[in-house]
Structure formats: structure tokens, C-alpha cells
Amino acid sequence: MAQYLVTGGAGFIGSHLTDELVRRGEQVRVVDNLSTGKRQNLAQHPNLDFIEGDLADLQVARRAVTGVDYVLHQAAIPSVPRSVLDPIASNRANVEASLNVLVAARDAGVKRVVYAGSSSAYGNTPTLPKAESMAPAPLSPYALQKLVAEQYCQLFTRLYGLETVTIRYFNVFGPRQDPSSPYSGVISLFISALCDGRAPTIFGDGEQTRDFTYVANVVDGVLRACHVKDASGEVINVATGGRISLKELFENVRQLVGANVDPLYAEVRAGDVKDSQADISKARRLLGYEPTVRFEDGLQKTVDWYRASQLTVA
Ligand code: UD2
């Protein structure tokens, strides 16, 4: 049994990682400042080792990593438009806190840090799918911050011998993704709007594409990355390898929800990437990763979850 720390473990992806680790009988600690995460996401683990604190404070990071073997660093302000609006706050959460986690992990003798990178680092590449060997081209403060922190990870591996792996996430979705903010992930916003009979907004012409990835696939990729020896120091895409447009996404959700509502259209968002699709051959080769939940099945599970949670609230 190993000791894991999930930073941002009360958030959407972090809480799914926590569930799986608990299910496997591992020891888990969560640190979260509850800025976007919620205690409710961990209600199924009443005895969980939970630290409420902000990793931008080095002392919080040091306390959190004490006695830890593996750090799964998920804590972030994960939003392109929020970073465009307030780059300083988002830099503090995405870069400064990440540096604190790395310093604390190095000093505490952590075995490995697995970092939640982002597909946004690629920006608009001339070709698809996007492979890790392509030069990064961040288009927003968020994208740059995620890239800086992943480069810090690689630097810590080279300079101090701290094992790190960056998993680049591609538009992750699933149960517990919070639809309550305008900065929320688009699938959560579309489902919650259509379930309420409201019209969702599509930014731009709706022809932009994304490799939407169901959360269970990401959990699998991240947990594999903890233990594969040759993965240390690497950056690895974890996604499905497909892509669909926002218009197609809207149609899919509309059909699943059974709503008869048309979308509104608004200006394209500043810092938005046009197309995103992952090359997952490195994850296959290095991690033995294979996406196990297809986009369509994941979307159905997600719609079911939102419906069930609406019933609970009502
Ligand atoms: C970026 C990253 C993703 C992850 C995420 C964290 C890319 C390609 N992806 O996701 O890997 O790090 O940031 O937040 O950079 N949209 C609408 N209507 C809405 C909301 C969004 O049309 O109500 C559009 C939005 O303009 C974008 C797409 O939907 O084209 C996806 O937006 P998102 O906020 O869900 O995620 P994105 O792509 O910024």
C-alpha cells in the first residue's frame, strides 16, 4: 500500500482519482483550497485525510507532502477565459503553487509527481493530431501557465532527480464537472442548460473541434504514469484520439437530453484554440494506455449523472 497525495482532490478530476485510489485500497490524502472544488465531491469518503489549504503557501505544500510516495498534482484554476480576465490569480494557482509542490516533493523524498498538463499547450498546430514532439504555442495565459509548470516538472527531474510525469489532458468531461460558472467545461454547460430548457451559447461558428475525453480514461492514464519506470521526465497525451465539432456536440447532447432548443451564437472567445485532437501513440507505447470509455458512452453516463443529481436537488 502506497501513500498518495491528490492536490485539488475535491475537484472534478481529482475526486475521481481519489475514488479509484480508495477503491484500490491505497492510502490517500487530499489537499484543496475549495476555490473550485467542493467537499461534497468527497462525501463518499467520510474518513478521508483532508487538508484545506492553498498550495500557493509553501508551508501548506510541505505539510501536504509529508510521508507521501506519489503526488497527483491536479490543483489549478482550469480555465482559458478566466486566465485571460485575471492572469495574475491564475498564474498564482497554476505556476506558483506548482513550483511549491515540486520543491516540497523534492525535499520530502517523494517518489514521483504526476502532473495534470493541458492540451492547450499546443495552441494552433499546423497539423492534426497533436503529438508531444510538436513545438508548444500557447495562446492564453492558462496555456502558458500549464506549459511552464510542466517544464518545471521536467527541469526538476533533470536538475534534482525528482521523478515527474506530465499527462496532457484533452477536454476532460464526466460526472461532477461543475456547470455553475460561465468558465465551466462546455459539456457541463450544454447538459445543464438543455436539462433546464435553457439555450446554450456556442462561441464562434461552432466548427472548432475537441478531443473530448471521458474522465475514467484520464484516471487510468494518470495511475499508470505513477509506476512505469521509463515515463519519468516525459510529457504524454492522454485522450481518445478523436475529435468532434461544437455543433456536433450540441446535437449529441440535445438528442440525449431530448430537448427542443436551438443554441445561441456569440463571438469567438479570446485565446480559444481552433482544433484539438491527440496523438495517443506515446501513451499506448509507454503506458500501455488504451481509452476504455468511448466518447458516446461517456456522454450518456454524464447526462444520466446530471439528471440523477437534478432529481436529488429537487
Ligand atoms: C482547454 C484545454 C483543455 C483543458 C481546459 C481546462 C484546449 C484545446 N483544451 O479547454 O485541455 O486544459 O482548457 O479548462 O485548449 N464553448 C462554447 N460555449 C460555452 C463554453 C465553451 O461554445 O458555453 C466553447 C469554447 O469557446 C471552446 C470549446 O467550447 O471552443 C471548449 O471550451 P471549454 O471551456 O470547455 O474548454 P477549452 O477548449 O478551453
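# Exercises on a predicted model

Leaving out residues up to four places away in sequence, Ser-119 is in contact with Arg-168, Tyr-169, Phe-170, Asn-171 and Ser-276. The structure is a predicted model, and the exercises below start from this residue.

## Exercise 1. Placing Ser-119

Task: State where Ser-119 is found, and decide whether Ser-119 is buried or exposed.

Solution.
- Step 1. Ser-119 is found in the loop between S5 and H5.
- Step 2. The relative accessibility of Ser-119 is 8%. Buried means under 20%, so Ser-119 counts as buried.
- Step 3. Along the chain, Ser-119 and Tyr-169 are 50 residues apart, while 5.7 Å separates their C-alpha atoms. Tyr-169 is also one of the contacts of Ser-119.

## Exercise 2. Pairing S5 with S6

Task: Find how many bridges join strand S5 to strand S6, and name the partners of Val-113 and Gly-117.

Solution.
- Step 1. S5 covers residues 112-118 and S6 covers residues 164-169. Six bridges join the two strands, which run parallel.
- Step 2. Val-113 has Thr-164 as its bridge partner in S6.
- Step 3. For Gly-117, the bridge partner in S6 is Arg-168.
- Step 4. In general, the strands of a sheet pair through backbone hydrogen bonds.

## Exercise 3. The whole sheet

Task: Give the strand order of the sheet and identify its edge strands.

Solution.
- Step 1. The order is S3-S2-S1-S4-S5-S6-S11, an open sheet of seven strands with parallel pairing.
- Step 2. Strand S3 (49-52) and strand S11 (235-238) each pair on one side only, and these are the edge strands.
- Step 3. From one strand to the next, the twist averages 20°.

## Exercise 4. Cover on S6

Task: Explain why S6 is described as largely enclosed, and name the helices that touch S6.

Solution.
- Step 1. Six of the six residues of S6 are buried, so the strand is largely enclosed by the rest of the structure.
- Step 2. On one side of S6 the buried residues are Thr-164, Thr-166 and Arg-168; on the other they are Val-165, Ile-167 and Tyr-169. Both faces are therefore covered.
- Step 3. Helix H4 (residues 87-108) lies across strand S4 (70-73), S5 and S6, and runs at about 165° to S5.
- Step 4. Helix H7 (residues 215-225) packs on the sheet and touches S4, S5, S6 and S11. The direction of H7 makes about 165° with that of S6.

## Exercise 5. Helix H6

Task: Find how many of the 10 residues of helix H6 are buried, and describe what follows the helix.

Solution.
- Step 1. Seven of the 10 residues of H6 (residues 186-195) are buried, so H6 is largely enclosed by the rest of the structure.
- Step 2. Among them are Ile-187, Phe-190, Ile-191 and Leu-194.
- Step 3. After H6 comes Gly-197, with a positive phi near 75°.

## Exercise 6. Two residues compared

Task: Classify Leu-155 and His-45 as buried, partly exposed or exposed.

Solution.
- Step 1. Leu-155 is in helix H5 (residues 141-160). Its relative accessibility is 33%, so Leu-155 counts as partly exposed.
- Step 2. Leu-155, Leu-159 and Tyr-160 make a nonpolar surface patch of about 280 Å².
- Step 3. His-45 lies in the loop between strand S2 (27-32) and S3. At 14% relative accessibility, His-45 counts as buried.
- Step 4. Not counting residues up to four places away in sequence, His-45 touches Thr-18, Asp-19 and Val-22.

How values were computed
Residues numbered from 1 in each chain as written. Predicted model: local features only at pLDDT ≥ 70, side-chain atom pairs only at ≥ 80, totals over all residues. Heavy atoms only, no water. Pairing = 2+ DSSP bridges. Helix = DSSP H or I, 4+ residues; strand = E, 2+ residues; numbered from the N terminus. Axes fitted to C-alpha atoms, helices over the stretch in contact; angles between N-to-C directions. Contact = heavy atoms within 4.5 Å. Patch = residues over 30% accessible without salt bridge, like charges linked within 9 Å, V, L, I, M, F, W, Y side chains within 5 Å. Areas by Shrake-Rupley, 256 points an atom, 1.4 Å probe, with all protein chains shown as cover. Salt bridge = Lys/Arg side-chain N within 4 Å of Asp/Glu carboxyl O. Buried < 20%, exposed > 50% of the residue type's maximum accessible area, 1.4 Å probe, protein only.
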